Amino acid sequence: MKIKLVFIFSILLIFTGCGKKYSITPDRLPTAYVNQEYEQTIRISGGKVVDQYAKLDTNIPKDLGIVVQPINNLDGYNILEIKGTPIYKGKYTITIKADFFGGGGANINKTYTFKVE
């Protein structure tokens with residue numbers, strides 16, 4: 001009987017340990033305005049992102065004056081920043097795809113709308 005209880009408890013512990021909650025904030029990006037400095041941080045929490053497989057896609061033109069990139073090498077794709085001073089109006093997308101170390105196949109796939117008025 002004790003062996004069955006230990007077995008059941010072990011299985012439950014394994015399943016609850018694999019049920020991490022990964023999240024990305026903010027849910028939406030604030031609107032940027034032409035000729036006004038913009039800075040926004042995007043944070044991915046719940047585990048360490050595997051940087052070599054993380055993907056950051058955007059259709060923001062290079063001449064807009066906005067840069068989207070990891071904040072530093074230490075945090076990698078767990079903390080991204082959007083910053084700069086946009087010089088014209090438009091509506092763009094920023095897509096972030098990330099897997100996690102020890103995540104058991106968990107991933108994040110989030111597309112933001114970045115609007116400049």
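Visitor: Along β2, which side chains point to one face and are buried, and which point to the other and are not?

Guide: First, the terms. Strands (E, at least two residues) and helices (H or I, at least four) are DSSP runs, numbered from the N terminus. Buried means under 20% relative accessible area, exposed over 50%, and partly exposed in between, with a 1.4 Å probe and protein chains only. Now the case. Y38, Q40, I42 and I44 point to one face of β2 and are buried. E39, T41, R43 and S45 point to the other face and are not buried.

Visitor: What should I know about the model itself?

Guide: The model is predicted: local features need pLDDT of at least 70, side-chain atom pairs count only at pLDDT 80 or more, and totals for chains, interfaces and linings use all residues. Residues are numbered from 1 along each chain as its sequence is written, and side-chain values use heavy atoms, with hydrogens and water left out.

Visitor: Which residues does Q40 touch, not counting residues up to four places away in sequence?

Guide: Contact means heavy atoms within 4.5 Å. By that rule, Q40 touches P26, L29, P30, L80, E81 and I82. Q40 is found in strand β2, residues 38-45. Its relative accessible area is 18%, so Q40 is buried.

Visitor: How do strands of a sheet pair?

Guide: They pair through backbone hydrogen bonds, either parallel or antiparallel. Two strands count as paired if DSSP finds at least two bridges between them. Here, β1 (residues 23-25) and β2 pair in the antiparallel sense over three bridges. T25 stands opposite R43 in β2.

Visitor: How many bridges join β2 and β5?

Guide: Six, and the pairing is antiparallel. Strand β5 covers residues 79-84. Look for I42: its bridge partner in β5 is L80.

Visitor: In what order do the three strands of the open sheet come?

Guide: The order is β3-β6-β7, with antiparallel pairing. β3 (55-58) and β7 (107-116) stand at the edges. Each has a single partner strand, so one side of each is left without a neighbour in the sheet. The twist averages 15° from one strand to the next. For such angles, axes are lines fitted to C-alpha atoms, for helices over the stretch in contact, and angles run from 0 to 180 degrees between N-to-C directions.

Visitor: Over how many bridges do β6 and β7 pair?

Guide: Ten, in the antiparallel sense. Strand β6 spans residues 90-99. One bridge to find is that of I94, whose partner in β7 is Y112.

Visitor: How many salt bridges does the structure hold?

Guide: A salt bridge is a side-chain nitrogen of Lys or Arg within 4 Å of a carboxyl oxygen of Asp or Glu. The structure holds five. In one of them, the side chains of D27 and K110 meet at 3.1 Å, N to O. D27 lies in the loop between β1 and β2, and K110 in strand β7, so the pair ties together parts that are 83 residues apart in sequence.

Visitor: Are D27 and K110 buried or exposed?

Guide: D27 is exposed, at 56% relative accessible area. K110 counts as buried, at 18%.

Visitor: Which other salt bridges can I look up?

Guide: Try K55 and D57, whose side chains meet at 3.9 Å, N to O. K55 is partly exposed at 43%, and D57 is partly exposed at 35%. K83 forms a salt bridge with E81, the closest N and O atoms being 3.9 Å apart. K83 is partly exposed at 37%, whereas E81 is buried at 8%.
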